[in-house]
Amino acid sequence: MSTPEVSVIASLYGSHLGARTLPAVARAWREQDVPCEMVVGVAAGIYSQVVRDIGEQDGLRLVRVSLSANAPGRLRNVAARSARSPYLYLSDADIVPTGRDFLHRLMTLSAGGRKVIIQPWMYRLFSDPDLTRSRTWQPPSGRTCCVSADDAGKLTAMAGERFVSRERGLIQIPESARRPADASAPVVSHFHWGGALVEHGLFEAAGGYCDEYAGWGKEDDDLFLKLSYLRLTVRAWRVAPALACLHFEHPRPYTALDIEPNRQLLERRRALGAKEMIRLDTAATTRARRPVRKRPDARQPSVTAASP
């Protein structure tokens, strides 16, 4: 594999659908016309199973993380430390790019890294395709979000989708796409909330993700506050809506109560200001990278896994 220009960063923990979709996702990134690698921070509890299920793939590296099994930001931080590229694309294990020029177009928008590009348009796939096949996903006609797909990878808009707020990028998903396991309201974003292309050095200068968030939500909003303080940040879905990714939909079991602790944490940190948020997080990153000193007589097993 040639030296990558972009490292696609993702996380895996618990029983997330990404453990099943990751092979197809990694293949899609490998087929981009910009050399890239995919680096995934995997929680220790599922690492062995993921390795057995996926095996070796060119351009895919799995990093075992010993702690923070339910903190995607921490898992991505550890993955980012293993990245070999000058650019990071922050993503998820169940999202693929549409079009082989996705990364090239993002990098063009970034103007050589002078801008951070976040939140590209995202189609939400509600049919269950054969993920073992390599395919080029063909976008649907018109501006839409909820789609189904045929065997050739052609995406088709689902009837009944309704925009709730075009300004905020929210839609109400069709009744036919709702699932019994969904606990949250059927209003979702039509963009990838946490997707971002950022210079590797800038990500580190911002302190990466705050490691205090656990479970789902708000760690990406926190990161974007810091990045926006350091550099011009552009929402891709507003300026280049034809640039899109595709999410393999799964049940949404979270409710407003589940995300409330993270929401409160974000508000407390926002009150500190971005400069102080960055100071705290860069200090935490320095501590995380500091080697653990052991007494010569310490009788403890050696640690080979990465830790946040």
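User: In this predicted model, what makes strand 2 count as largely enclosed by the rest of the structure?

Analyst: Eight of the eight residues of strand 2 are buried, so the strand is largely enclosed by the rest of the structure. Both of its faces are covered, with Cys36, Met38, Val40 and Val42 buried on one side, and Glu37, Val39, Gly41 and Ala43 buried on the other.

User: How do you know that strand 2 pairs with strand 1 and with strand 3?

Analyst: Pairing requires at least two bridges between the strands. Strand 1 and strand 2 run parallel and are joined by seven bridges, one of the partnerships being that of leucine 12 with valine 42 in strand 2. Strand 2, residues 36–43, also pairs with strand 3 in the parallel sense, over six bridges; among the partners are valine 40 with leucine 62 and valine 39 with arginine 61. Between strand 2 and strand 3 the chain passes through helix 2 (residues 44–54), in a β-α-β crossover that is right-handed.

User: Why are strand 3 and strand 14 said to stand at the edges of the sheet?

Analyst: The open sheet consists of seven strands in the order 3-2-1-4-13-6-14, with mixed pairing. Strand 3 (60–65) and strand 14 (232–235) each have a single partner strand, so one side of each is left without a neighbour in the sheet. From one strand to the next, the twist averages 25°.

User: Which strands does helix 1 touch where it packs on the sheet?

Analyst: Helix 1 (residues 18–30) touches strand 1 (6–12), strand 2, strand 3 and strand 4 (87–90), and its direction makes about 165° with that of strand 2. Helix 3 (residues 72–81) also packs on the sheet, touching strands 1, 2, 3 and 4, with its direction at about 145° to that of strand 1.

User: Why is the pair of tryptophan 29 and phenylalanine 102 called edge-to-face?

Analyst: A search of the whole structure finds seven aromatic pairs. For tryptophan 29 and phenylalanine 102, the ring centres are 5.8 Å apart, which falls within the 6.5 Å limit, and the planes stand at 65°, which is over 60, so the pair is edge-to-face. The pair links distant parts of the chain, since tryptophan 29 belongs to helix 1 and phenylalanine 102 to helix 4 (residues 102–109), 73 residues apart. Ring pairs also link Trp29, Tyr89 and Phe102 into a cluster.

User: Are tryptophan 29 and phenylalanine 102 buried or exposed, and how do you know?

Analyst: Buried means under 20% relative accessible area. Tryptophan 29 has 1% relative accessibility and therefore counts as buried, and phenylalanine 102, at 0%, is buried as well.

Definitions and conventions
Residues are numbered from 1 along each chain as its sequence is written. This is a predicted model: local features need pLDDT of at least 70, side-chain atom pairs count only at pLDDT 80 or more; totals for chains, interfaces and linings use all residues. Side-chain values use heavy atoms; hydrogens and water are left out. Helices (H or I, at least four residues) and strands (E, at least two) are DSSP runs, numbered from the N terminus. Axes are lines fitted to C-alpha atoms, for helices over the stretch in contact, and angles run from 0 to 180 degrees between N-to-C directions. Contact means heavy atoms within 4.5 Å. Rings of Phe, Tyr and Trp (its six-membered ring) pair if their centres lie within 6.5 Å; planes under 30 degrees apart count as stacked, over 60 as edge-to-face and the rest as tilted. Buried means under 20% relative accessible area, exposed over 50%, partly exposed in between (1.4 Å probe, protein chains only). A crossover is right-handed if, with the strands pointing away from the viewer, the path from the first strand over the helix to the second runs clockwise.
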